[in-house]
Amino acid sequence: LEVGKGLKAAIEAAYSKAFSAIFDANVTTLITAGILFWLGTGPVKGFAVTLTVGIIASMFSALLVTRNVFRWAMALNALKRITMLHLIRSKNFDFLGKRRIAITGSLLLIVASIAAFAVRGQSALNIDFTGGDSLRLHTAKALTEAQVRVELEKVNLGNVVIQREATGGNNAGGNYFEIRSPFQTSDKIVNQLKQGFPDAGITVERSEGVGPVIGSSLAWTSLKALGLGILGILIYVTLRFEFSFALGAIVALVHDVVITLGVFVLTGHELSLVVVGAVLTIGGYSINDTIVVFDRIREGFRAGRKGSTQTIMNASINETLSRTLLTSGVTLLCMLALWIFGGAVLADFAFTIVIGIVVGTYSSIFIASPIVLWWTNFRKGNLRKEVVRPRQKGTPSPPPSQQPAKT
């Protein structure tokens, strides 16, 4: 619309140009989902199925349903013009010029994240990975952690983690307790507490148990799935773009996963299978956002834009900035609602994705493209020639809607 196309031509050109970005972004997520389904068990396999169905349905609606809605609306004369809100008016931010500051900040966050894991150790892992019992108890009468701990020391259960969530004062209102203990000890805990505090009105809200062998197996499977997913994305992006782009995408993905988990652990949460699902969702979201920027860079090179590699990269980031902020903002609103109103079961999942959206948006702008530029300069390559070369070997030219306008 901005370059003067009519509404019908603008819509057709937009869908033609957007296809490659939508296709590449979603295929990279499908690779991860396929590996999860292959290696996963139980909740992880179910998550992979749900993710796959969601991606396919989303692509179908984005590429076909919305396009036909536009066509029907124009055919019925119900749509005669479209106006867009420009979230970012200026398109001259020098993002790559700030890459050293951005990468330094990211390195500090990564170090802090690794340190958080080192300090917390096993206490950062839920029983899904370490094995053991997890109890959520409600008491009608308020008790303190110290009172519960003293009572449980009488049965000598070993390492027990007790966390109190108050719903009132110390003398009224009751409270909830999250108790983690060795495998098959939850019954002893409940019996001992009921015996020690007969008037406290203790009820069991949730009781779970995972054997240590199963826990370690789940941890290893999750790590293997994540590693193979990263390898699959690396191969696909290399084939569709170029290795420099694949390297940038993977570095940004690892960056997002490490910092998200680091912030999650620093805030006192425990890693569980639900969080693994959230982290893999973040991986898909992060690579999706990054591919959109990469697709615009590739389009700029193939359209014969003038300027250095850094200039074209900066222009591409600026051109996709409104889209990036709009997508991130809408997703963030959904996740904040889920975090605030979704209850205890979904709290960790939503909180992880809230962190991941912020970090992923940052990395798609300040990490992925700078890594591509750094690697290209390091090996003294010519990114423009490497991106354009496949078409010179016989790749068909794009349809007229994708070809640069003659001036």
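Good morning. I begin with a contact between two strands: Glu 178 and Arg 136 form a salt bridge, with their closest N and O atoms 2.9 Å apart. Glu 178 belongs to strand S3, residues 175-181, and Arg 136 to strand S1, residues 132-139, so this pair ties together parts that are 42 residues apart in sequence. Glu 178 has a relative accessibility of 24% and therefore counts as partly exposed. Arg 136, at 13%, counts as buried. I should say at once that the model before you is predicted.

Let me continue with the salt bridges. The count comes to 13. One of them joins Arg 240 and Asp 24, whose closest N and O atoms are 2.7 Å apart. Because Arg 240 lies in helix H7 and Asp 24 in helix H1, residues 7-39, the pair ties together parts that are 216 residues apart in sequence. How accessible is each partner? Arg 240 is partly exposed, at 33% relative accessibility, whereas Asp 24 is buried, with a relative accessible area of 0%.

Another salt bridge is formed by the side chains of Arg 379 and Glu 242, at 3.6 Å from N to O. Here both partners lie in loops: Arg 379 in the loop between helix H12 (368-378) and helix H13 (383-392), and Glu 242 in the loop between H7 and H8, so parts that are 137 residues apart in sequence are tied together. Arg 379 has a relative accessible area of 30% and is partly exposed; Glu 242, at 14% relative accessibility, counts as buried. Returning to Asp 24 and Arg 240, these two residues are joined with Asp 295 and Arg 298 into one network by salt bridges that share partners.

I turn now to the interior. How many cavities of 30 Å³ or more does the structure hold? There are three, and the largest has a volume of about 80 Å³. Which helices each supply at least two residues of its lining? They are helix H7 (212-240), helix H8 (243-266) and helix H9 (273-302). H7 gives the largest share, five residues. Among the residues lining this largest cavity are Thr 32, Ala 225, Leu 226, Ile 233, Leu 253, Val 257 and Val 279. Glycines also take part in the lining, including Gly 229, Gly 283 and Gly 284. By character, the lining divides into eight nonpolar residues, four polar residues and no charged ones.

Next, the surface. Phe 60, Leu 64, Val 65, Val 69 and Trp 72 make a nonpolar patch of about 510 Å². Trp 72 is located in helix H2, which spans residues 43-75. Is Trp 72 buried or exposed? With a relative accessible area of 57%, Trp 72 is exposed, since the cut-off for that word is over 50%.

My last point concerns the backbone. Most residues other than glycine have a negative phi. Asn 77, although not a glycine, has a positive phi of about 60°. Where is Asn 77 placed? Asn 77 is found in the loop between H2 and helix H3 (99-120). Its relative accessibility is 55%, so Asn 77 counts as exposed.

To close, I would ask you to keep two items in view: the salt bridge between Arg 240 in helix H7 and Asp 24 in helix H1, and the largest cavity, to whose lining H7 gives five residues. Thank you for your attention.

Methods. Residues are numbered from 1 along each chain as its sequence is written. This is a predicted model: local features need pLDDT of at least 70, side-chain atom pairs count only at pLDDT 80 or more; totals for chains, interfaces and linings use all residues. Side-chain values use heavy atoms; hydrogens and water are left out. On a 1 Å grid over the protein atoms alone, a cavity is a set of points where a 1.4 Å probe fits but cannot get out, and a pocket is an open set with protein on both sides within 12 Å along at least five of seven lines; lining residues have an atom within 4 Å of a point. Grid points are joined across faces, edges and corners, and a volume is the space filled by probe spheres set on the points. Helices (H or I, at least four residues) and strands (E, at least two) are DSSP runs, numbered from the N terminus. Ala, Val, Leu, Ile, Met, Phe, Trp, Tyr, Cys and Pro count as nonpolar, Asp, Glu, Lys and Arg as charged, and the others, Gly among them, as polar. Patches are made of residues with over 30% relative accessible area and no salt bridge: like charges are joined within 9 Å, nonpolar side chains (Val, Leu, Ile, Met, Phe, Trp, Tyr) within 5 Å. Accessible areas come from the Shrake-Rupley method with a 1.4 Å probe; for residues, only the protein chains shown count as cover. A salt bridge is a side-chain nitrogen of Lys or Arg within 4 Å of a carboxyl oxygen of Asp or Glu. Buried means under 20% relative accessible area, exposed over 50%, partly exposed in between (1.4 Å probe, protein chains only).
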